[in-house]
Amino acid sequence: MTLPVAPDVETILDSCIESLRDIVAPSVDGEWPRYSAELVVGSLEYVKHLLSEDLNEGRRVELQGAVDEAREILAGETAPQWAEALAEASPFEAASKLLVACQDIGGDTADKVRATLHPILRGQLDAEFGRTIGLFSAFARNMAGSQ
């Protein structure tokens with residue numbers, strides 16, 4: 001006798017996604033119900049990504065490295081905005097305040113800080129956009145049909 005093994009969450013999600021995308025959505029009449037089915041498919045695909053890894057921890061570590069680089073760039077700077085930004089415990093908050101300070105203070109130092117933070121933040125944004133493309137595709141198809 002073998003013990004029953006419950007399917008893992010990814011297998012269940014894959015089954016739901018495939019059934020909705022390949023069977024249900026194409027057979028649904030009407031734009032709104034079809035859009036809703038496509039949106040559910042995109043949402044389930046996004047859930048798979050959310051369950052697959054701790055995205056925030058990886059982003060936090062990566063961004064903390066960039067904030068630490070900015071700290072080195074700002075070592076000799078005296079503007080209180082820099083110190084306030086670098087005092088934040090969260091690298092997300094620190095990066096946000098650093099970018100505001102860059103805008104307010106300007107200059108070569110601000111350009112160097114931006115050049116340190118922007119590639120990391122853009123990379124994280126691009127990765128997140130890739131994870132949500134299923135949702136955006138459904139939105140785009142619905143918007144095209146509404147004109």
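How are H3 and H6 oriented to each other, roughly parallel or roughly antiparallel? Keep that in mind as you explore this predicted model.

**Stop 1: H3 and H6**

Select residues 55-73, which form helix H3, and residues 107-131, which form helix H6. Their axes come within 8 Å and cross at roughly 170 degrees. Angles over 145 degrees count as roughly antiparallel, and H3 and H6 are therefore roughly antiparallel to each other.

Now show the side chains where these helices meet. On the H3 side, look for residues including Leu 55, Glu 62, Ala 66, Glu 69 and Ile 73. On the H6 side, their partners include Thr 109, Val 113, Thr 116, Ile 120 and Arg 131. Colour the contact of H3 with H6 by class and you will find 10 nonpolar, three polar and six charged residues.

**Stop 2: Thr 116**

Stay in helix H6 and click on Thr 116. Is Thr 116 buried or exposed? Its relative accessibility is 13%, so Thr 116 counts as buried. Leaving out residues up to four places away in sequence, Thr 116 touches Ala 66, Glu 69, Ala 70 and Ile 73. You can find those four residues in H3. Next, turn to the backbone: the side chain of Thr 116 reaches the backbone oxygen of Lys 112 at 2.9 Å.

**Stop 3: Glu 77**

Move to the loop between H3 and helix H4 (80-86), where Glu 77 sits. With a relative accessible area of 38%, Glu 77 is partly exposed. Which residues is Glu 77 in contact with, leaving aside its neighbours within four places in sequence? They are Trp 82 and Thr 109.

Zoom in on Glu 77 and Thr 109. These residues are 32 residues apart along the chain, and their C-alpha atoms are separated by 8.7 Å. Show the side chains too, and you can draw a polar contact of 3.3 Å between Glu 77 and Thr 109.

**Stop 4: H3 and H5**

Return to H3 and add helix H5, residues 91-105. The axes of H3 and H5 come within 8 Å and cross at roughly 45 degrees, and that makes H3 oblique to H5. The crossing is left-handed.

To see this contact, select residues of H3 such as Asn 56, Arg 60, Gln 64 and Val 67, which are among those that meet H5. On the H5 side, select Pro 91, Phe 92, Ala 94, Ala 95 and Leu 98. The residues of this contact divide into eight nonpolar, two polar and two charged.

Methods:
Residues numbered from 1 in each chain as written. Predicted model: local features only at pLDDT ≥ 70, side-chain atom pairs only at ≥ 80, totals over all residues. Heavy atoms only, no water. Axes fitted to C-alpha atoms, helices over the stretch in contact; angles between N-to-C directions. Helix = DSSP H or I, 4+ residues; strand = E, 2+ residues; numbered from the N terminus. Parallel < 35°, antiparallel > 145°, perpendicular 65-115°, else oblique. Left-handed = near helix turned anticlockwise from the far one by under 90°. Contact = heavy atoms within 4.5 Å. Nonpolar A, V, L, I, M, F, W, Y, C, P; charged D, E, K, R; others polar. Buried < 20%, exposed > 50% of the residue type's maximum accessible area, 1.4 Å probe, protein only. Polar contact = N/O pair within 3.5 Å; in protein donor to acceptor, adjacent residues only side chain to side chain.
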